[in-house]
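Hi,

Here is the structure I said I would pass on. Have a look at it first, and my notes follow underneath.

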Amino acid sequence: QDPKPADPKPAATPAPPRSAAPAAAAALKRYRRKRWIWLAVKILAVLLVLFLGALIYAQSGHAIRHIYLPIASKSLGTQITASGGDVHLNGTVDLNDFLIMGSDGKPAFTAQKIHISVVPTSLTGGGIPAVRDVLLEQPHMAYRIDAAGKNNWSFLPKSAAPAQQKDPQPF
């Protein structure tokens with residue numbers, strides 16, 4: 001018997017099955033990239049809603065009574081109240097039933113309505129805003145001096161004195 005001659009070509013071994021790992025890894029990368037984009041969009045949407053809510057609140061009567069008037073009261077060192085009002089984005093503030101208490105505990109200044117117009121760009125500086133004009137409806141100012149010679153407007157800081165205007169310089 002003849003031995004079988006050796007086959008010059010070995011029998012083909014079946015190729016191992018291709019794994020889905022590279023395709024799955026690419027899909028995972030795309031998913032993660034999309035997930036970050038959607039997360040960024042959601043964060044921006046939340047920030048926009050918060051900004052718009054703060055902007056709307058900043059113009060409300062509640063903000064006038066609980067934020068702006070207490071700040072003004074603290075800076076002047078006396079109680080300032082108003083029954084309500086409006087704040088507008090163009091830099092105007094309307095206050096109703098405005099009252100400034102004097103240092104003697106009695107009203108020193110009252111007005112049925114005050115309309116204050118400020119330069120909007122001066123609101124971003126962090127200091128005292130530049131006032132364009134102030135309109136008063138039915139103002140009443142009381143200036144009293146007690147027996148000790150102290151007036152009811154003594155709560156005003158020395159820096160509240162009007163600033164001296166310089167003559168405009170020619171070009």
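R33 sits in helix α1, which covers residues 21–58; helices here are DSSP runs of H or I with at least four residues, strands are runs of E with at least two, and both are numbered from the N terminus. R33 counts as exposed because its relative accessibility is 54%. The cut-offs are under 20% relative accessible area for buried, over 50% for exposed and partly exposed in between, with a 1.4 Å probe and protein chains only. Together with K29, R30 and K34, R33 forms a positive surface patch. For patches, residues need over 30% relative accessible area and no salt bridge, with like charges joined within 9 Å and nonpolar side chains (Val, Leu, Ile, Met, Phe, Trp, Tyr) within 5 Å. Lys and Arg count as positive and Asp and Glu as negative, while His and the chain ends are not counted. Each charge is placed at NZ of Lys, CZ of Arg, CG of Asp or CD of Glu.

Before you go further, note that this is a predicted model: local features need pLDDT of at least 70 and side-chain atom pairs count only at pLDDT 80 or more, whereas totals for chains, interfaces and linings use all residues. Residues are numbered from 1 along each chain as its sequence is written, and side-chain values use heavy atoms, with hydrogens and water left out.

Now the overall layout. The protein has two helices and six strands, and from the N terminus on they run α-α-β-β-β-β-β-β. Of its 171 residues, 18% count as buried.

Helix α1 also holds I43, and I43 belongs to a nonpolar surface patch with W36, L39, L44, V46, L47 and L50. Together these residues have about 740 Å² of accessible area, as given by the Shrake-Rupley method with a 1.4 Å probe, where only the protein chains shown count as cover for residues. I43 itself is partly exposed, because its relative accessible area is 46%.

What about salt bridges? By salt bridge I mean a side-chain nitrogen of Lys or Arg within 4 Å of a carboxyl oxygen of Asp or Glu. Searching the whole structure turns up one. The partners are D104 and R144, and their closest N and O atoms are 2.9 Å apart. This pair links distant parts of the chain, 40 residues apart: D104 is in the loop between β3 and β4 (107–118), and R144 is in the segment after β6. D104 counts as partly exposed because its relative accessible area is 38%, and R144 is partly exposed too, at 26%. As background, side chains of opposite charge can pair when their charged atoms come close.

Two side chains reach backbone oxygens. I use polar contact for a pair of N or O atoms within 3.5 Å; within protein, one must be able to donate a hydrogen and the other to accept it, and residues adjacent in sequence count only if both atoms are side-chain atoms.

- N152 is in the segment after β6 (140–141). A polar atom of the N152 side chain lies 2.8 Å from the backbone oxygen of A142. With a relative accessible area of 1%, N152 is buried.
- T78 is in the loop between α2 (61–76) and β1 (80–81). Its side chain has a polar atom 2.4 Å from the backbone oxygen of M101. T78 counts as buried, at 11% relative accessibility.

Two residues other than glycine have positive phi, so you may want to click on them. D97, in strand β3 (residues 92–101), has phi near 50 degrees. D97 counts as partly exposed, with 46% relative accessibility. Q138 has a phi of about 50 degrees and lies in the loop between β5 (131–137) and β6. Q138 is exposed, with a relative accessible area of 59%.

Finally, here are a couple of pairs to find on screen. S73, in helix α2, has its C-alpha 8.6 Å from that of I100, with their positions 27 residues apart along the chain. S73 is buried, at a relative accessible area of 14%. L89 lies in the loop between β2 (84–87) and β3, and L89 counts as exposed at 59% relative accessibility. Measuring from C-alpha to C-alpha, L89 and P120 are 7.9 Å apart in space, while in sequence they are 31 residues apart.

Cheers
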